[in-house]
Amino acid sequence: MCRDCGCSLGPAATRAPLAAPTGVAGKVETIEVITAILGENDRVAAHNREHFDQYGVLAINLMSSPGSGKTALLEATIRALGGRLKVAVIEGDLATENDAERIRACGVPAVQISTGNACHLDATMVHDAVHDVPLAGLDILFIENVGNLVCPASFDLGQHRNVTLLSVPEGDDKPAKYPVMFRAADLSLVTKTDLLPFITEFSLERARASLRQVGFGGESIELTSRGGDGFDAWLAWLDREVAAQRERTRRGETARPQIQPEGATLHAAGHRPVR
Amino acid sequence: MHELAVCQALIEQVERVARQNEARRVVSIVITVGPLSGVEPQLLEHAYPIAAAGTVAEHASLVVETVPVRVRCRSCGAETDVQPNRIVCGSCGDWQVDVTGGEEMLLRRVEIETDAAAVH
Ligand SMILES: Nc1nc2c(ncn2[C@@H]2O[C@H](COP(=O)(O)OP(=O)(O)OP(=O)(O)O)[C@@H](O)[C@H]2O)c(=O)[nH]1
Ligand SMILES: [Mg+2]
Ligand SMILES: [Zn+2]
Ligand SMILES: [Zn+2]
């Protein structure tokens, strides 16, 4: 049982003891199942979403390869907001507490999840962290996923929106190489655009085309965490999403990212209307 | 390598099915995986024995059925199979398409052995 909120989540059930082989040939039967393999993760994710919605908090999952500028974006965002919106951050990292410390240095609460050898966050890790986040009065909870362009895309965390980052030094062909991740985005950010003059082989045109080819149909913003027009567009997107989340909360509705890992759609977990 | 985590989740589902059906052991497991699920069938097959060790599914065979990415075109209506990084209509090239297959990560079927003598 979830020790803090009293919900019925907790460590996975202990394994059933193995039946001793009897030596007698048994009867073989086939059971048709058809369930989402990650159904349990999806259930916990839906539960997380209920926690967020209960407090009207917008939850955003940031995904990118290592070093694309997720933490730098958060630092710059927190500074630019200047307390106008209340923000907290859950940081996923294989081993260190560095990113959480960088966020705390900006005066915002941050909870570090050390994933050990797991290359992605899952809903249970986020659930454990959520109880250390002061949700009351919060506007946005950012979840910085582990830097990885593959694994995080398969796990619903209970976020309302997915944001992917593609930094200029990585090259404009990354969406084509990692289609599952980039397709999952509600908003795609091309970051480190201040480096465009130095990395002349990067074409924003090709990056956009590559995104379109993996079926990404959302909004795309090009920016640098150093500020500028693109950065303002990102802040405006956040404002719109916060307003939308407040409106949904008022109506008792919730939202899921545009593209869902398989299980979540199958499950249609949760009992509130989704839009 | 999140395939191990996926296999562990799979084993938990299989254990549940085995328990509900009073299985003595699991003989085989059939899953369906699409390219847009983000898991690699081959990596799943490698991770599976590690996740299954010591469980009722320890000696079960894993059958991974793969399915293609399939889209339906909003402009010409054609249904075509496409590559995961070319999600456009295979017939007219329009990118306004709906994905109708390829996101699957499903447990389909579990073959179990029960005690022949067991009275239900
Ligand atoms: N020039 C430039 N450098 C940037 C920008 N954003 C981030 N960086 C630099 O890129 C490096 C990595 O940035 P981080 O913010 O740590 O990247 P991250 O995505 O959080 O990395 P992980 O958490 O390890 O995956 C740092 O040296 C940043 O200073 C940018 O907009 N322009
Ligand atoms: Mg970081
Ligand atoms: Zn809870
Ligand atoms: Zn067409």
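1. Strands β3 and β4. In this predicted model, strand β3 (residues 87-93) of chain A runs parallel to β4(A), and five bridges join the two. One of the paired positions is G92(A), whose bridge partner in β4(A) is I113(A).

2. Enclosure of β4. Strand β4 of chain A covers residues 110-114, and four of its five residues are buried. The strand is therefore largely enclosed by the rest of the structure. As a general point, side chains in a regular strand alternate between the two faces of the sheet.

3. The magnesium site. The magnesium ion (ligand 2) is coordinated at 2.1 Å by OG1 of T71(A), an OD atom of D99(A) and an OE atom of E144(A). Along the chain, these donors follow the spacing T-x27-D-x44-E. Two of the donors link distant parts of the chain: T71(A) belongs to helix α2 of chain A and D99(A) to helix α3 of chain A, 28 residues apart.

4. Burial of two donors. Are T71(A) and D99(A) buried or exposed? T71(A) counts as buried because its relative accessibility is 4%, under the 20% cut-off. D99(A) has a relative accessibility of 11% and therefore also counts as buried.

5. The shell around ligand 1. Ligand 1 is surrounded by 17 residues, and the closest are K70(A), T71(A), A72(A), E144(A) and D194(A). T71(A) and E144(A), listed here among the closest residues, also serve as donors to the magnesium ion (ligand 2). By character, the shell divides into seven charged, seven polar and three nonpolar residues.

6. Contribution of the helices. Which helices of chain A each supply at least two residues of the shell around ligand 1? They are α2 (70-81) and α3 (98-104). Helix α2(A) gives the most, with three residues. These helices also hold two of the magnesium donors, T71(A) in α2 and D99(A) in α3.

7. Polar contacts and cover of ligand 1. The side chain of K70(A) places an N or O atom 2.8 Å from an oxygen atom of ligand 1. A polar side-chain atom of R102(A) lies 2.9 Å from an oxygen atom of the ligand. For S68(A), the contact involves the backbone: one of its N or O atoms there is 3.2 Å from an oxygen atom of ligand 1. On its own, ligand 1 has 650 Å² of accessible area, of which the protein covers 73%.

Methods:
Residues are numbered from 1 along each chain as its sequence is written. Chains are lettered from A and ligands numbered from 1 in the order in which they are written. This is a predicted model: local features need pLDDT of at least 70, side-chain atom pairs count only at pLDDT 80 or more; totals for chains, interfaces and linings use all residues. Side-chain values use heavy atoms; hydrogens and water are left out. A residue is near a molecule or strand if one of its heavy atoms lies within 4 Å of it. A polar contact is a pair of N or O atoms within 3.5 Å; within protein, one must be able to donate a hydrogen and the other to accept it, and residues adjacent in sequence count only if both atoms are side-chain atoms. Accessible areas come from the Shrake-Rupley method with a 1.4 Å probe; for residues, only the protein chains shown count as cover. Ala, Val, Leu, Ile, Met, Phe, Trp, Tyr, Cys and Pro count as nonpolar, Asp, Glu, Lys and Arg as charged, and the others, Gly among them, as polar. Donors are N, O and S atoms within 2.8 Å of the metal (3.2 Å for Na, K and Ca); water is not among the atoms, so sites may look incomplete. Buried means under 20% relative accessible area, exposed over 50%, partly exposed in between (1.4 Å probe, protein chains only). Two strands pair if DSSP finds at least two bridges between them.
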